[in-house]
Amino acid sequence: MTQPAAVAPPKSHAAHEAHHEELGFWRKYVFSTDHKVIGIQYAVTGLLFLLFGFSLIMLLRWQLAYPEAALPLFGTLLGEARMPGGVMLPEFYNELGAMHGTIMVFLGVVPLAVGGFGNFVLPLQIGAPDMAFPRINMVSYQAFFLGGVTMLTSFFVPGGAAQSGWTSYTPLADIATTGQTMWLIGMVFLITSSLLGAINFITTTIQLRAKGLAFMRFPFFVWAQFVTAFLLLLAFPPLEAAATMQLMDRLAGTSFFLPSGLVVSGQVLQVAGGGNPLLWQHLFWFLAHPEVYVLILPGMGIVAEIIANNTRKPLWGYRSMVYSLVFLGFMSFIVWAHHMFMTGMGTAMAAFFQTTTMIISIPSVVILTALIISLWGGSIRFNTPMLFAVAFLPMFGIGGLTGLPLGLNVADIPLHDTWYVIAHFHYVVAPGTLFALFAGLYYWFPKATGRKMNETLGKIHFFGSLVFMNVVFMPMFIVGLAGVSRRLFDGGAIYAFAQPVLHWNVVSSWGAWMLAIFQIPFIFNFFWSIWKGEKTDENPWQATTIEWSAPSPPPHGNFLVAPEAYRGPYEYSVPGATKDFMLQCEARDQAVAAPV
Amino acid sequence: MDIPYTVELRRDTGLTNGKIGIWLFLASEVMLFGALFASYILIRAGAPSWPRGDTFLNVPLATLNTIVLISSSVTMVMAWASLMRRRFGTFRIYMGGTILLGLVFLVVKYFEYSHKFHDGLFPSTNNFLAIYFTLTGLHGLHVFGGMVVNAYFWGPGSKLWKTNPEWFTNRVEHSGLFWHFVDLVWIFLFPTLYLL
């Protein structure tokens, strides 16, 4: 195998390795510039935040199932200010809802999907020694961590954390308690982190891909991360601008989002006025709609890898999938106002955005269809990653299809802000993206640790999660179609129209608590397998992409010899080959020889 | 371990990592300021009346600042060009000039701000002043950030010149690209806020 000229001479490399051994605990695990350590830092922090965000919603689900009832055990622990006598106050309901959304999206899923998987897998998959800017990568994690700490601290300021929803709509958010200021400062940290990460991902993908790895030879996961990085790069700055303006409104007394003559608690607010509350919504959704694709695209990338690997077949329609992905990325910037049909922005605007929304559903359907057809005729291995990946398809399908009525102006009006909306996007993000992320965790765990996670525990985790995800979210469609709003802190108990569907709230809540129980095997499995899991070689799944040619766990610098790509990403079951997979970085004449 | 293409160009892209990185960063900055300019347009379009810039603002002082900032862009290019000609001493002079001009800009801005505050004109006074203080404040932060980076390359960062002059030249070029961008933002801010 010839070495590209870019590789450092062996002597200096060895010298550097020797130097690397001297790194102390802090430089190696805390202030590391190694993309693998940073990826794991992101992933573990993200998982902890997912657990925390889930705990918040389990608390909230008690209130929805049994409004006005005292919560046993935990109720009194949360203090008189939030749950006097164990009964939840409406303000606390709002706090839980707002922070659940914020934490799950910005501190849980995105850090795990992009920060975790992107950092760990992407450089390995393109055969790079590290990210293009290792120190910026470290700073990106630190900014994320500070953002997380800021958000957590906000629970302890007077008035509690942000209560204006994860969307922080103005003018409500402008006049909310101190928690909202903390939310905005936290967001500025998170935005900075995402920007630095995105610059790093794009540069790394373009510059550090292995010799011979043309763009159309990228694994689909790399494409997904590449497009995601552009969305983060270009969609987040407008939110930063919006956050700056909301901070100015709150701290410097400006009126960007405050209209003239606004009455608060019976009194006209003493501000200059003349601001535009809708402006916030435009700027927020200009980020937050691309953000939806930031949540889903890495998931699709992971699922594509695992499906190709476990059907032992190339992906069906790889090219159409890539073109769809890029088209999706472009389109995601011009659909944002379909979140705003209820604001009265006018029929011309609504017509435009409903049209673009219908158009953007096409590439999503192309990708999903290609993944389903990829299953056709494969001899499928149903291991835990594959189970999660296969379950992703119908779950994301439900999420996607139930979104169509929301994208149409007329159908959206009765459904807006009801539990139907919650059910729709949770099907996309919870049994959708989260299943993909679980699949990825089981799939790349051997690469990170050199050990496999336990299959039996994995299957218990999978089947429990699959059943109870649906128990949680399916009833929400029914409650939502009956017209119950997500903002009602008693789940609709005082309304006559909601009475026939109230019992579904109980089902949904018990589903959530059972879902939590079925995460215990995963948590146990995760830690147990780090030390006691079955040891594996560097390619336990007989996969084709370049990361599986590196040792497990990969050393500093990743590859023993700089890899070179000779073929496309999914050369499974090639007719005439001696085995049913061919590594991308394996020269054809070495097909029989042991992997490097 | 060394990251490839920090100094040498990758053959198929013809670029270094840093060059791509800085342009991507500038793209995100365009979106940041773009969103603020768009907000300005929306708020102004929705306002029943809008003051002309010179009602509140000092146009001659801003003109002076425009000249200062454009001059600093010229010295920035000269600093980089000196490095390309391998003249480190000249680089030091021009880079120092760039930093000083940035400082002049901020000092003038400080007098403008304090004069407004003295007259009782605050961001909360009206939406024109709100957008004025937000945009120029954010721009001022960018000027300050650029000065910090430039000062680093003028001072401690210049040690790299002795060990790896190409890399140092690249870094100064990237810092220069950012500086020109900050300059360009002002070129948009000046007519938008002061003249229209």
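Which helices of chain A do the buried residues of helix 15 pack against? In this predicted model, local features need pLDDT of at least 70 and side-chain atom pairs count only at pLDDT 80 or more, while totals for chains, interfaces and linings use all residues. Residues are numbered from 1 along each chain as its sequence is written, and chains are lettered from A and ligands numbered from 1 in the order in which they are written.

The packing partners turn out to be helix 11 (384–401), helix 13 (409–415), helix 14 (419–449), helix 16 (502–517) and helix 17 (520–532) of chain A. Contact here puts two C-beta atoms, placed from the backbone, within 7 Å; a buried residue has 20 or more other C-beta atoms within 10 Å of its own. Helices are DSSP runs (H or I, at least four residues), as are strands (E, at least two), numbered from the N terminus. Among the buried residues of helix 15 are A:Gly458, A:Phe462, A:Phe468, A:Phe473 and A:Gly480. As for length, helix 15 of chain A (residues 455–481) has 27 residues and should span 39 Å at 1.5 Å a residue, taking one less than its number of residues; its end C-alpha atoms sit 39 Å apart, so the two agree. After the helix comes A:Gly483, with a positive phi near 100°.

Chain B has seven helices and zero strands. Its C-alpha trace spans about 60 × 35 × 25 Å along the principal axes, and 38% of its 196 residues are buried. Of the contacts in chain B with a separation of 6 or more, 77% join residues 24 or more positions apart.

On confidence, chain B averages a pLDDT (the predictor's confidence in each residue, from 0 to 100) of 96, and 99% of the residues score at least 70. For the complex, the predictor gives an ipTM of 0.96 and a pTM of 0.94.

Terms used
Buried ≥ 20, exposed ≤ 12 C-beta atoms within 10 Å, placed from the backbone.
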